[in-house]
Amino acid sequence: MRYAHEVGKVRAAERALMARLPEGALMQRAAAGLAAVCARLLPALYGADVVLLVGGGDNGGDALYAGARLARRGARVTAVPASPRIHRAGLGALRAAGGRVLGQAPPEEEAAGAVAGADLIIDGLTGIGGTGALREPHATLARLASEAPGTVVACDVPSGVDAGSGRVDGPAVRADVTVTFGTHKPGLLIDPGAAYCGVVELVDIGLGPDLPDPDVVAARPEDVRPPEPGPESDKYRRGVVGIIAGGERFTGAAVLAAGGAVHGGAGMVRFASAPHAVELVRQRWPEAVTTVIEPKPDALERIGRVQAWVVGPGLGTDRDGETLVEAVLGTDLPVLVDADGLTVLARRRDLLRRTAPTLLTPHAGELARLIGADRDAIEAARLDHVRRAAAELSATVLLKGSTTLVAEEDRPVRVNPTGTPRLATAGTGDVLSGLVGALLAGGLPALDAAASGAYLHGLAARIAAAGGPPAPGREPGERSGEAPISAYDVITALPAAFRAVW
Ligand SMILES: NC(=O)C1=CN([C@@H]2O[C@H](COP(=O)(O)OP(=O)(O)OC[C@H]3O[C@@H](n4cnc5c(N)ncnc54)[C@H](O)[C@@H]3O)[C@@H](O)[C@H]2O)[C@@H](O)CC1
Ligand SMILES: [K+]
């Protein structure tokens with residue numbers, strides 16, 4: 001897992017460690033790590049042009065000391081101060097190493113020329129101390145760096161990205177590489193901030209023993225553990241998932257959710273709905289065992305044994321849909337509620353009072369209705385809202401979006417690293433609910449089922465778009481060689497995604 005800690009906890013750990021170390025030692029560790037990454041990125045360090053963008057805090061200090069180290073090894077280093085007060089000792093070290101410092105608040109042309117001509121730019125404008133939109137001249141410098149042809153290395157956090165949340169309120173540095181110290185910050189893992197980071201390199205500055213449990217974690221491939229069929233697995237032990245979706249009018253969501261479950265490793269998929277949806281699912285997925293049901297409180301009685309339920313996609317939000325959602329949530333089995341089921345829940349939050357696990361999979365609009373918040377506010381502060389929703393609704397909440405987040409009370413929030421804009425197409429959410437339902441039925445706890453499902457779903461989309469597993473080491477700006485995909489393509493690529501993590 002990649003771990004991230006809230007900014008306040010990073011500062012507390014830094015204070016505790018600093019108290020045991022000689023003054024300035026921690027900043028030297030950070031600067032050494034930063035300089036080492038920069039040296040690796042340059043084909044030749046000797047004679048390379050390196051520009052430092054230096055803000056008024058310790059982030060600027062790190063950049064200055066790293067610049068001094070590079071200057072001592074022969075780089076031509078120029079510092080561009082963004083503030084009249086920049087780190088004194090760091091400035092001294094850079095000068096002593098032969099680095100050049102532009103005048104304070106240099107005319108834009110001079111700074112622009114230096115940035116445009118640099119082989120490598122170190123962004124030391126703001127780190128974890130940055131708040132709100134970048135002010136001038138920081139904003140202009142961030143823009144110049146983002147447009148420059150040289151390699152941009154962000155120190156700790158790309159300036160303009162809120163380290164705690166990933167929020168970006170104005171111009172921000174678009175980095176090729178972000179060198180972060182001690183632990184990841186949540187804003188490096190969550191969009192929009194994550195999209196500004198490029199490759200994130202973690203430098204160990206010895207904070208480990210002083211850090212508490214992480215607040216946010218992102219899976220690596222080895223952390224994704226779908227239930228694996230053992231030698232004596234029969235269809236019941238591998239998990240039977242029951243899906244109640246679609247109706248007389250809407251059938252596409254039903255077919256897609258059933259497909260996600262069929263290819264999601266369920267031992268058996270039981271599908272129940274109105275006759276038309278049942279007919280179409282039966283045609284498309286002969287593997288599924290189907291039952292025609294009526295929207296009555298005893299609707300589940302004819303369906304047979306299941307180990308987890310999925311309810312909601314294409315169900316409709318009227319009284320009939322509500323009856324079915326109520327029946328499913330009345331069981332003592334794990335339940336995933338999606339789509340129309342969530343709209344029902346927004347007016348029937350009483351249905352969430354149950355002891356078995358409940359997993360909700362809203363997008364921002366659905367979450368807005370569920371917790372009475374504003375959709376834009378949710379998009380701007382996804383981490384805070386998904387946490388709040390999990391606490392208020394006493395459920396595991398998977399918030400879909402550019403970075404899918406999964407929250408459960410008192411557990412680190414799971415960030416999905418495999419998302420792709422290609423998934424922003426109709427029906428992919430239905431596939432996800434079937435897939436995650438299959439993982440729930442296979443025995444994964446709700447948080448793991450949701451996080452693993454999101455991971456496999458994103459990976460399947462990438463594989464479908466690329467026509468195969470993604471090639472490692474593609475250069476930024478290279479043609480992606482990807483095609484648009486449909487929700488159905490995601491289902492078809494699920495086996496390849498499973499193969500990649502098993
Ligand atoms: N505390 C520590 O022990 C260590 C800190 N380190 C570095 O120190 C950084 C934190 O340093 P600071 O707490 O001094 O904070 P920063 O240097 O991140 O930011 C504070 C400075 O940025 C300015 N600023 C804030 N928001 C701004 C905005 N929107 N527009 C323009 N200017 C803005 C402030 O006026 C202040 O000058 C970390 O990110 C890391 O790079 C590392 O050296 C490792 C050790
Ligand atoms: K920075």
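Strands here are DSSP runs of E at least two residues long, numbered from the N terminus. With that in hand, Asp156 can be placed in the loop between β6 (151–155) and β7.

One caution before going on: this is a predicted model. The mean pLDDT of the chain is 94, with 97% of its residues at 70 or more. For the complex, the predictor reports an ipTM of 0.98 and a pTM of 0.93.

**Backbone oddities**

Most residues other than glycine have a negative phi, and most peptide bonds are trans. Asp156 goes the other way on phi: its value is positive, about 70°, although it is not a glycine. Ser394, also not a glycine, has a positive phi of about 50°, and sits in the loop between α13 (382–393) and β16 (396–399).

Are these two spots buried or exposed? Asp156 has 28 other C-beta atoms within 10 Å, so it is buried, the cut-off for that being 20 or more. Ser394 has 14 other C-beta atoms within 10 Å, so it comes out as partly exposed.

There are cis peptide bonds to look at too, tabulated here with the loop that holds each proline.

| Cis peptide bond | Omega | Loop holding the proline |
|---|---|---|
| Glu136 to Pro137 | about 5° | between β5 (120–124) and α6 (138–147) |
| Asp191 to Pro192 | near 5° | between β7 (177–181) and β8 (199–203) |

**The annotated site**

Which residues does UniProt list under "binding site"? The record, an unreviewed entry, puts that feature at Asn59, Asp123 and Ser159. They span 101 residues in sequence, yet no two of their C-alpha atoms are more than 9.6 Å apart, so they gather at one spot.

Asn59 belongs to helix α3 (residues 58–72). It is buried because 26 C-beta neighbours fall inside 10 Å. Setting aside neighbours within four places in sequence, Asn59 is in contact with a run of residues including Gly124, Leu125, Thr126 and Gly127. Its other contacts include Cys155 and Asp156, and Asp156 is the residue with the positive phi of about 70°.

Asp123 is part of strand β5. Since 33 C-beta neighbours lie inside 10 Å of Asp123, this residue is buried as well. What does Asp123 touch, leaving aside neighbours within four places in sequence? Its contacts include Leu53, Ala145, Val173 and Ala175, along with Val152, Val153, Ala154 and Cys155. Pro158 and Ser159 are also among them, and Ser159 is itself one of the positions in the UniProt feature.

Cys155 turns up in both contact lists, that of Asn59 and that of Asp123.

Technical notes. Residues are numbered from 1 along each chain as its sequence is written. Chains are lettered from A and ligands numbered from 1 in the order in which they are written. This is a predicted model: local features need pLDDT of at least 70, side-chain atom pairs count only at pLDDT 80 or more; totals for chains, interfaces and linings use all residues. Helices (H or I, at least four residues) and strands (E, at least two) are DSSP runs, numbered from the N terminus. A residue is buried if 20 or more other C-beta atoms lie within 10 Å of its own, exposed if 12 or fewer, and partly exposed in between; C-beta atoms are placed from the backbone. pLDDT is the predictor's confidence in each residue, from 0 to 100. UniProt positions are given in the numbering used here, feature names are shortened, and annotations may be inferred rather than shown by experiment. Two residues are in contact if their C-beta atoms, placed from the backbone, lie within 7 Å.
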